[in-house]
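Dear colleague,

I am passing on the structure that we spoke about, and the notes on what was found in it follow directly below. Please read them with the sequence and the model open beside you.

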Amino acid sequence: MADLVSHPDEVKVVSRRFGLGATNLDRYLELDGYKAVQKALGMGADGIVNEVKNSGLRGRGGAGFSTGLKWSFVPKQASKPKYILCNGDESEPGTCKDRLIFEHDPHAVIEGVVIAGLAVGARTGYIYVRGEYRYLLEIVQKAIADAYTRGFLGKNIFGSGYDFDVYWHGGAGAYEVGEESALMESLEGKRGIPRIKPPFPAVVGLWGGPTVINNAETLASVPHIILGGAEWYAKLGPPKNGGTRLFCLSGHVKRPGVYELPMGYNLRKMIFEVGGGIPNGRALKAVVPGGSSTPVLKSDEIDIAMDFDSVAKTGSMLGSGGVVVLDETTCIVKFALRTMKFYQHESCGWCIPCREGTDWLKKTLIRFHSGGGMKKDIDNMYYLSENMLGRTFCPLGDAAAMPTMAFIKKFRQEFEDHLDGKPCPFEKATEPVLA
Amino acid sequence: MWAFTSWYFASFVVKDLAMKFSEQFEARFAEMLTHYPTKRSVLVPTLLYAQDEAGYLSDEVIEEIARRLELTALEVRNVISYYSMLTTKPRGKYNVQVCTNIACMLRGGEELLEHCEKRLGIGHKETTPDGLFCLEEVECIGGCSWAPAVQVNYDFHENLTTEKMDRVLDEYAKKN
């Protein structure tokens, strides 16, 4: 349903089957479907973990942790059943990639779940799809049912003697549930409140059993690594940042869309060549490189390679791949306010620094943007954000604090321009770019 | 005393009027119970499917689901209040959800919301007098690259302008 785009610089790995009708199981089999899981059955658990480790695949949900390493933390012997949980609760503002994966290639996710299960010795996997994505949940339900009919799931998969079940699960609207421990709480039928760590889910997860939680894009990448080999995958990106990534270009660009580009692709090129540049002859002001929780980059900071380590060096994060582009007519204070409104709405209220911090920041920003700002507010907001960092169970507090600090640090002048009852200097200049 | 007595008898009536869900709901519910080691795990998706059929999570629906999952109604309400898609109040037949989060805001999401408010004559979380439409300003729905995006119930409408939005609303009005 969502439109597909393409660009010659794209390297299609995860998006290889997009638009080719791979939701149909027969079509998926024609396109090398379920070959990876059969290969994995002969590789042994350690063989799979090592292959994924060597591929340099890092979590596509935002944190960028090595997937192979995460799998290796699961104890070999466990008294409780082990689980694989696919995180399809995509809700980071700016991110819309998992939607395309479920829409066009649901079997790749199922295959990834099974391979992860083989790697850690689990017998059950869950695919959690956010509640708003009802049409995608229906696609996933059908894909799972089809796979059962052919004996790809259930008892004795592919005649290997190994049993593996995959089940679907639907959410009901919560950003916070995208955090792994909150995701488990939600799947257990509770409020999505994060759990304290340690113990990490790899040791104590769903119903107390060791659990591997991976993003849908991460799991959809796994079958390609098993088939193409770790070396091939690792070489697609710079060292320690293997493979490709689905980048969701949005905001003020001529050709927004989801593009699969190699890790380490230059951000300026991504905006001006792949995305076609800024519409209406305007100049670039800033870029949010990886979803709303990543610190903003100024227009002179975008000559960087889009991989986890290079973006981290600039003080920002590659995050979930949502590249939001802001042109010169955008009011940073208003943008910061909208971001904070979101975090205040989504904070689950469990940890005080996040619950109270997001609320105070939102209130201050509302007053600030409407002309009631005081000079000391600017430093107060920075100080408040600083004190939220690292003081919450889950990273939602950090996700609200980090971008706010970057907005203030990098665009302090714009905050000062709102002082002394002055109206927002951008209010008239901002015209919506309606397609 | 009177209040207590009427509540006491009313609670029997509620149990007698066991909620009726569709066959499809019942089949899905029975299947889901086999997916998890605990009954409670089916709660969140079950609530959303029940809401789809009943329109909202009424006291009867909550009682019924609590009974089936061996939970108290309070435990169920506790979960309902956390999830933004679940509602315990009746609302319009078509829930118009306009995203104004960052990517949509940059491409006119707020203007779209304002347009819908004017056209429908209602604000955030309000319902039109004929019960046909209700309006909601929502957080990111995953339409960022096709912004501004709107969801009407579960259907996505993307790359919208105010004119396109009018056509979308006309279609839903005609459907009725």
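Helices and strands here are DSSP runs, with at least four residues for a helix and at least two for a strand, and they are numbered from the N terminus. Please bear in mind throughout that this is a predicted model.

With that definition, chain B has eight helices and five strands, and read from the N terminus on, the order of these elements is α-α-α-α-α-β-α-α-β-β-β-β-α. Chain B comprises 176 residues, of which 52% count as buried. Among the contacts in chain B with a separation of 6 or more, 61% are between residues 24 or more positions apart. The area that chain B exposes comes to about 8500 Å², and 54% of that area is supplied by carbon and sulfur atoms.

As you may be planning to look at the cysteines, I have kept them together here. How many disulfides does the structure hold over all chains? The number is zero, where a disulfide would require a pair of cysteine sulfur atoms within 2.5 Å. In chain A, A:C331 is in no disulfide, and the nearest cysteine sulfur, which belongs to A:C424, is 3.6 Å away. A:C331 counts as buried because its relative accessibility is 4%, the cut-off for buried being under 20%. In chain B, B:C144 is likewise in no disulfide, with the nearest cysteine sulfur, that of B:C140, 3.6 Å away. B:C144 has a relative accessibility of 3% and therefore also counts as buried.

With best wishes

How values were computed: Residues are numbered from 1 along each chain as its sequence is written. Chains are lettered from A and ligands numbered from 1 in the order in which they are written. This is a predicted model: local features need pLDDT of at least 70, side-chain atom pairs count only at pLDDT 80 or more; totals for chains, interfaces and linings use all residues. Side-chain values use heavy atoms; hydrogens and water are left out. Buried means under 20% relative accessible area, exposed over 50%, partly exposed in between (1.4 Å probe, protein chains only). Contact means heavy atoms within 4.5 Å. Accessible areas come from the Shrake-Rupley method with a 1.4 Å probe; for residues, only the protein chains shown count as cover.
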